[in-house]
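Visitor: I would like to go through this entry by question and answer. Please show me the sequence and structure before we begin.

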Number of protein chains: 2
Amino acid sequence: MQKNINFFFNPQSIALIGASPTPGKLSNVLLQSLKKRFKGNIYPVNPKYKSIDNLKCYAAANEIKEKIDIAVLIVPSNLVLQTLNDTANAGAKGAVVISAGFKETGNSGASQEEEIKKLVNKTGMRVIGPNCMGLYDSFSGVDTFFISEDRLQRPEKGGLSIISQSGSFAVSIMDTLAMEGIGIARVVNYGNRVDVGENDLLDFFAGDENTKIVALYIEAVEDGKRFIETAKKCSSKKPVIAIKVGKFDAGAKAAKSHTGAIAGRYEIYKAAFKKAGIIEVSGYNGLLDACRVFSMQEKANGKKVFILTDGGGVGVSLTDSCIEMGLDAAPLPEEAKTELSKKLPAFCSIANPLDLTGSVTDNEYKIALEQGLKHYDIAIVAALWGPPGLTDNLVSYIKDVSEKLKKPVIICSPGGRFTQDKKRLFESKGLPVFLTPEDAVKAAVLLTDKM
Amino acid sequence: MQKNINFFFNPQSIALIGASPTPGKLSNVLLQSLKKRFKGNIYPVNPKYKSIDNLKCYAAANEIKEKIDIAVLIVPSNLVLQTLNDTANAGAKGAVVISAGFKETGNSGASQEEEIKKLVNKTGMRVIGPNCMGLYDSFSGVDTFFISEDRLQRPEKGGLSIISQSGSFAVSIMDTLAMEGIGIARVVNYGNRVDVGENDLLDFFAGDENTKIVALYIEAVEDGKRFIETAKKCSSKKPVIAIKVGKFDAGAKAAKSHTGAIAGRYEIYKAAFKKAGIIEVSGYNGLLDACRVFSMQEKANGKKVFILTDGGGVGVSLTDSCIEMGLDAAPLPEEAKTELSKKLPAFCSIANPLDLTGSVTDNEYKIALEQGLKHYDIAIVAALWGPPGLTDNLVSYIKDVSEKLKKPVIICSPGGRFTQDKKRLFESKGLPVFLTPEDAVKAAVLLTDKM
């Protein structure tokens with residue numbers, strides 16, 4: 001068997017088995033995506049056609065005389081086994097089986113899946129799937145997600161890699177991150193996991209230079225012991241974030257009919273995550289926010305948080321949330337108070353939270369952050385854009401202070417259209433923006449938690 | 001004293017004291033807003049000018065010979081008392097004091113505020129403020145929020161009224177709702193609350209036909225007994241939602257320096273909210289989501305929830321969240337299973353959650369929702385827009401079933417640009433959309449909780 005799965009992430013050639021020239025058909029959408037992004041050779045395979053979209057089309061995999069790194073199968077489920085066999089005989093190192101109709105449909109599907117397992121063991125060809133979206137890789141250009149770009153925007157290159165048992169989850173989070181301008185390295189959805197699963201992937205991502213952060217969506221792991229080992233190896237090198245889905249019996253039952261995985265007891269997962277150095281987050285939003293904050297900021301050295309605001313109410317909410325979530329909103333030291341009293345207008349409330357009020361200017365934010373953050377590990381800066389004294393300079397001022405002091409800064413900026421524009425500006429400079437005080441504090445907690 | 005405060009919400013005339021012709025000055029921004037929206041008479045007052053923006057300008061309030069319903073003061077704090085006195089003498093029924101520099105700045109400000117209180121008691125003129133944004137009223141056109149429209153979008157007419165001690169909170173939520181297309185009736189930010197506060201406002205909103213839902217942001221109430229009475233009166237007629245901010249000592253301290261209010265112990269508030277029939281929500285996001293769901297949907301008759309999805313992972317997450325939050329994701333009755341097995345493709349997972357899979361069409365959603373929702377009180381429909389079989393028809397199909405069965409439906413639709421477009425379409429039909437499973441379930445909980 002191929003010992004590693006690296007070739008899935010840097011193939012020179014891809015055979016697309018079940019290729020179709022019909023616009024809108026899933027396999028045609030997939031072909032278009034590959035043509036757009038993948039720079040290596042693409043070999044469509046379908047006995048019905050001589051050529052598809054100006055590419056020579058082969059009747060079967062073994063007619064391709066060139067080397068095949070990976071094959072992508074999008075054929076009816078009853079043809080999968082024979083086709084996989086042909087593909088292995090043609091020398092492919094690995095296959096991505098998109099086709100559904102296996103374990104998730106019941107017993108006969110499950111026994112078909114057993115046959116695929118045998119084939120993997122016999123031939124050594126590695127298999128991702130079946131019943132999956134497969135791979136999206138911004139570096140290699142491999143893209144087997146068979147959804148058109150108008151419905152699923154593809155993210156730019158970035159440091160985040162996602163391992164997801166659920167295809168819908170992988171699609172939603174990719175699409176959301178793309179809209180937000182957050183880059184991705186690789187996304188793998190392995191569906192029924194007949195062979196390649198979270199363990200092989202964690203092992204690969206641990207050593208992958210393009211992957212700086214790993215996010216996991218887990219219904220059920222396959223091999224708990226190996227999971228803890230590989231996750232630990234990975235988390236010792238880069239942040240590994242996870243959500244566990246299918247926590248309860250009813251949810252677990254739904255998970256079973258979904259990818260055939262039996263979701264195990266939640267408490268066991270919780271303990272395993274901890275042991276493996278995984279940062280467990282709660283729900284879709286939790287994972288999304290964790291991806292955003294780790295994509296942009298480094299960890300803090302401690303839990304002392306400085307809160308800076310131009311709106312009293314948001315300052316109070318941030319303080320409440322910090323206390324609820326265990327951050328230390330320690331009082332501003334006298335030294336800093338004295339210093340800032342000289343430099344800021346009299347109507348400012350010089351404390352922690354420090355309220356610059358609606359009469360604020362960009363420069364006052366800079367002064368306050370510079371003097372305040374010195375005494376803390378991290379700052380949460382509430383930026384309400386109502387005050388006319390605030391301009392785009394605010395963004396670079398905050399960035400400069402964060403860089404100079406080498407301390408992370410999180411932005412809390414609730415509001416509508418104007419605020420959303422400024423959010424993009426902040427995030428283009430690597431300052432993550434959260435719409436609500438609670439979400440901003442949750443993000444700060446992620447950066448201050450010791451692993 | 002004016003027994004009621006109705007005149008603040010349907011004035012015929014407004015005197016703007018401290019009016020300025022200088023573009024960008026807060027009082028000029030305020031004047032422009034009034035000119036744009038308010039259909040009654042506007043009387044600028046400032047001894048320095050004869051006219052401002054083609055309106056006659058008066059040297060003092062008592063020079064206005066016409067009836068003044070309300071005066072808006074935006075003058076330096078040391079002039080407020082004298083100006084208020086003049087205004088009362090000129091016959092104004094009420095005043096909105098925008099000016100800051102009172103209790104929130106310390107002792108001397110507090111004693112000035114006491115003088116205003118005396119004036120209120122002596123003259124009977126009602127006062128909103130000081131240190132506030134005042135009123136935004138989509139029905140009367142009164143708009144004293146002194147932030148330009150490019151930074152603070154004004155919401156359309158709608159049934160939601162907001163009472164907020166915090167100006168920044170009021171501004172942020174208004175701006176966010178405006179962007180989302182959710183209408184507002186009235187917003188009142190009363191700042192230091194020298195006179196008019198949450199109790200008068202709850203009393204007014206209880207009887208206000210334009211107000212269908214009331215949202216409260218509370219740092220500290222003034223008169224607990226009256227608060228429970230008026231809130232109870234209001235909540236017996238329409239949903240009253242609240243968040244309590246300044247829950248802990250540090251937060252409470254920040255609240256004090258903000259509006260001079262001492263935020264009381266959280267547990268007492270929790271009990272009072274319950275007694276008053278108030279729906280307590282958590283944090284900014286909680287309030288925002290509650291505003292959205294109550295603006296669009298009626299309450300459900302019970303806690304039985306039907307979950308419909310085209311993506312397995314999201315179905316599992318929704319089920320998890322329903323269980324965690326106490327909803328009853330009861331199994332699909334055999335009768336419905338039999339019926340649906342005949343009508344839906346074999347690859348669908350016919351259960352609760354019901355997974356239509358990525359091969360779904362609009363019509364299958366309709367069939368499944370019609371047959372399923374009959375047996376439940378509410379549905380959460382996950383709409384993942386990847387499948388090419390889904391079109392805009394899905395939106396009206398779901399709306400039709402919800403109307404026909406007279407049962408609320410919540411949409412869960414995670415995703416990027418395409419999904420965001422469809423969110424607007426759903427919401428234009430009154431179907432609230434949430435990006436995450438957790439938020440969708442929280443919204444369903446609000447509709448199923450008995451008061």
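Visitor: Which residue of chain A comes closest to the rotation axis?

Guide: This is a predicted model, in which local features need pLDDT of at least 70, side-chain atom pairs count only at pLDDT 80 or more, and totals for chains, interfaces and linings use all residues. Residues are numbered from 1 along each chain as its sequence is written, with chains lettered from A and ligands numbered from 1 in the order in which they are written. Copies are superposed by least squares on the C-alpha atoms of residues with pLDDT of at least 70 in both. Taken by its C-alpha, the residue of chain A that comes closest to the axis, at 6.0 Å, is Asn285(A).

Visitor: How are the two copies related?

Guide: A turn of 180° and a shift of 0.0 Å along the axis lay chain A on chain B with an RMSD of 0.0 Å. The copies are thus related as by a two-fold rotation axis.

Visitor: Through which surface do the copies meet?

Guide: Two residues are in contact if their C-beta atoms, placed from the backbone, lie within 7 Å. On that basis 62 residues of chain A are in contact with 62 residues of chain B. Of the interface residues of chain A, 100% are also interface residues in chain B, so the copies meet through the same surface.

Visitor: Which helix gives the most to the side of chain A that touches chain B?

Guide: Helices (H or I, at least four residues) and strands (E, at least two) are DSSP runs, numbered from the N terminus. The helices that each supply at least two residues to this side of chain A include α4 (167-180), α9 (283-296) and α10 (312-324). With nine residues, the one that gives the most is α10(A).

Visitor: How far apart are the centres of domain 1 and domain 3 of chain A?

Guide: Domain bounds come from an automatic or database domain assignment. For chain A this gives domain 1 (1-128), domain 2 (153-296) and domain 3 (298-448). Taken over C-alpha atoms, the centres of domain 1 and domain 3 of chain A are separated by 51 Å.

Visitor: What share of chain A is buried?

Guide: A residue is buried if 20 or more other C-beta atoms lie within 10 Å of its own, exposed if 12 or fewer, and partly exposed in between, with C-beta atoms placed from the backbone. Chain A has 451 residues, with 15 helices and 18 strands. The buried share is 59%.

Visitor: Against which elements do the buried residues of α2(B) pack?

Guide: Helix α2 of chain B covers residues 77-89. Its buried residues are Val80(B), Thr83(B), Leu84(B), Thr87(B) and Ala88(B). An α-helix has 3.6 residues a turn, so residues three or four places apart point the same way. In chain B, the elements packed against are β1 (13-17), β5 (70-73), β6 (94-97) and α3 (107-123).

Visitor: Which residue just after α2(B) takes a positive phi?

Guide: The helix itself ends at residue 89. Just after α2(B), the residue with a positive phi, about 95°, is Gly91(B).

Visitor: What is the bridge partner of Ile411(B) in β18(B)?

Guide: Two strands pair if DSSP finds at least two bridges between them. β18 (433-434) is one of the edge strands of an open sheet in chain B and pairs on one side only, in the order β15-β14-β16-β17-β18 with parallel pairing. Two bridges join β17 (residues 409-412) of chain B to β18(B). In β18(B), the partner of Ile411(B) is Val433(B).

Key:
The expected span of a helix is 1.5 Å times one less than its number of residues.
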